[in-house]
Amino acid sequence: MTDYVTTYYVKASVATNGVMASCSYFTNPKCTDPATLPLSVSISQGYCDFIQGDGSDLVLLGATYKTLGHAPVMTDGNFAAATNGTVTVVMPKGTEVTKGVVLIFSDPGKVETLYPSSDPTVVNGQAP
């Protein structure tokens with residue numbers, strides 16, 4: 001089987017509580033084809049990309065992520081900064097896991113507030 005990249009596009013706005021990002025996930029850049037939750041990638045893939053989608057009110061800055069069921073510690077291996085609106089979450093190849101992901105957003109233009117997303121999960125071992 002050939003490795004391939006699964007990309008999810010995220011459209012975010014400030015949630016009604018004013019402190020969180022309300023996110024919707026899509027399989028295309030125009031954000032017209034909703035993704036099915038939990039998000040899934042091939043077990044042979046090794047990573048999952050999140051890209052800021054068209055029409056997002058907030059700017060994607062990065063993500064923190066952790067394999068669920070392991071000790072709740074954060075290291076430099078649990079954070080990825082966004083590059084040009086894209087953040088990559090590393091997944092193990094050949095081992096089925098579920099990762100909790102918190103995307104981090106800011107207001108466009110000037111970073112005045114950081115808005116974390118709720119916790120979408122990414123599962124490998126399932127066909128996207």
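Is Asp54 buried, exposed or partly exposed? We come back to this residue in the last view, after a look at the sheet and the core of this predicted model.

**View 1. Four strands make an open sheet in the order E2-E1-E4-E7.** The pairing across this sheet is mixed. Strand E2 (21–26) and strand E7 (86–90) take the edge positions, and each has a single partner strand, so one side of each lacks a neighbour in the sheet. On average, and with direction ignored, neighbouring strands here are turned by 30 degrees against each other.

**View 2. Strand E1 pairs with E2 on one hand and with E4 on the other.** With E2, strand E1 (residues 6–14) runs antiparallel, and 6 bridges join the two. Look for Val14, which faces Ala21 of E2. With strand E4 (residues 47–52), the pairing of E1 is parallel and extends over 5 bridges. Here Thr7 is a handy landmark, standing opposite Asp49 in E4.

**View 3. E4 and E7 pair in the antiparallel sense.** There are 5 bridges between these two strands. To find your place, start from Ile51, whose bridge partner in E7 is Thr86. Strand E7 is also one of the edge strands of the sheet.

**View 4. The largest nonpolar core holds 25 residues.** Those with the most contacts inside this core are Tyr25, Phe50, Val101, Leu103, Phe105 and Val122. Two or more residues each come from E1, E2, strand E3 (39–41), E4, strand E5 (59–67), E7 and strand E8 (98–106).

**View 5. A closer look at Val101 shows the company it keeps.** Leaving aside residues up to four places away in sequence, Val101 touches Phe50, Ala63, Thr64, Tyr65 and Val89, among others. Its further contacts include Ser117, Ser118, Asp119, Pro120 and Val122. Of these partners, Phe50 and Val122 are also listed with Val101 among the core residues that have the most contacts.

**View 6. Lys30 and Asp54 form a salt bridge.** A search of the whole structure finds 1 such pair. The closest N and O atoms of Lys30 and Asp54 are 3.6 Å apart. The pair links distant parts of the chain, 24 residues apart: Lys30 lies in the loop between E2 and E3, and Asp54 in the loop between E4 and E5. As for the opening question, Asp54 is partly exposed, because its relative accessible area is 37%, a value between the limits of 20% and 50%. Lys30, at 59%, counts as exposed, because exposed means over 50%.

Notes. Residues numbered from 1 in each chain as written. Predicted model: local features only at pLDDT ≥ 70, side-chain atom pairs only at ≥ 80, totals over all residues. Heavy atoms only, no water. Pairing = 2+ DSSP bridges. Axes fitted to C-alpha atoms, helices over the stretch in contact; angles between N-to-C directions. Core = buried A, V, L, I, M, F, W, Y, C linked by side-chain atoms within 4.5 Å. Buried < 20%, exposed > 50% of the residue type's maximum accessible area, 1.4 Å probe, protein only. Contact = heavy atoms within 4.5 Å. Salt bridge = Lys/Arg side-chain N within 4 Å of Asp/Glu carboxyl O.
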